[in-house]
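Here are some short exercises on helix packing and charged pairs. Have a go at each before reading the solution.

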Amino acid sequence: MMKVVFAALLMLISIAGRAQDEASVRNWNEATRSYGAHQYRNAVEHYEEIVKAHKASADVYYNLGNAYYKNGDAGKAVLNYKRALKLDATNAHARENITFIQAKTPGAPVALKEIFFIKAYHAVLHTVPANTWAILSLAGFLVILYMIYRISTRSIRYGYRWLSFSAVMWVLVLSFAFTGYRQGSGLTEGVVITDQAFIYESGDRARTKLSVPEGTVVTFLGSTKETKVLVRLVNGSEGWIDRADIEIV
């Protein structure tokens, strides 16, 4: 009897899963059609249905960002580009679109300029996902062990040179893996979704530090006071902002 009930439950779960998948496909197709027909609000609604069904991928968030931008909602556009990058850090178009939106937004905080070699480091870091760097670092470690074995058996020419080169490359790849993991599991980000928000010196409204426009990216620093949270902007400035003015990535 229990086996029959269990089998029936599995069948119901399977049917529900297929129904969700079919609904997501229909919403995707309708959103794509609407976007192509310049019906951006309709496209947003169908992409959001996919998100509500917990079927969203990096592509869904990216397309949703495009639809929001075309619909004149810069804040939600940046938010969904950020969500796309959270699932796929190699999505260069999402990164470029965020930069484009913020560059044409008056009053948007300007990020601190990176030194050339740090900028190059991050460019290489984002060419592949963090998981790939982790796999490559493991492979590099195995190569080092193999090189040590060949040196110990004196069956390789210039063994110590190859070992030194392999060790340097392994440390570099390992740093990419660690940085990618840290960025993926680091401090929570948020995006300003109101027309204009204010950063305050303290948790009350007595001292306004500056105003920030829609689409501004903030990093949560963990402290809260009533309805406000402590955040850091991309230019390094810190302050308190109303929680209702931002949405978590």
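The exercises below work on a predicted model.

**Exercise 1.** Work out how helix α2 and helix α3 are oriented relative to each other, and what kinds of residues meet between them.

*Solution.* Start with the axes: those of α2 (residues 40-52) and α3 (residues 58-70) come within 9 Å and cross at roughly 150°. Angles over 145 degrees count as roughly antiparallel, so α2 is roughly antiparallel to α3. Next, the handedness: this crossing of α2 and α3 is left-handed. Now for the contact itself. On the α2 side you'll find residues including Tyr40, Val44 and Ile50, while α3 brings, among them, Val60, Leu64 and Tyr68. Sorted by type, the residues of this contact come out as 11 nonpolar, one polar and two charged.

**Exercise 2.** Take the salt bridge between Glu30 and Arg33 and place it in the structure.

*Solution.* The closest N and O atoms of Glu30 and Arg33 are 2.7 Å apart, against a cut-off of 4 Å. Both residues sit in helix α1 (residues 2-36), three residues apart, or about one turn of the helix. As for exposure, Glu30 has a relative accessible area of 24% and Arg33 has 41%. Buried would need under 20% and exposed over 50%, so Glu30 is partly exposed, and so is Arg33.

**Exercise 3.** Which parts of the chain does the Arg83 and Glu247 pair tie together?

*Solution.* The side chains of Arg83 and Glu247 form a salt bridge at 3.3 Å, N to O. Arg83 belongs to helix α4 (residues 74-87) and Glu247 to strand β7 (residues 246-248), so the pair links parts 164 residues apart in sequence. Glu247 is partly exposed, at 26% relative accessible area.

Methods: Residues numbered from 1 in each chain as written. Predicted model: local features only at pLDDT ≥ 70, side-chain atom pairs only at ≥ 80, totals over all residues. Heavy atoms only, no water. Axes fitted to C-alpha atoms, helices over the stretch in contact; angles between N-to-C directions. Helix = DSSP H or I, 4+ residues; strand = E, 2+ residues; numbered from the N terminus. Parallel < 35°, antiparallel > 145°, perpendicular 65-115°, else oblique. Left-handed = near helix turned anticlockwise from the far one by under 90°. Contact = heavy atoms within 4.5 Å. Nonpolar A, V, L, I, M, F, W, Y, C, P; charged D, E, K, R; others polar. Buried < 20%, exposed > 50% of the residue type's maximum accessible area, 1.4 Å probe, protein only.
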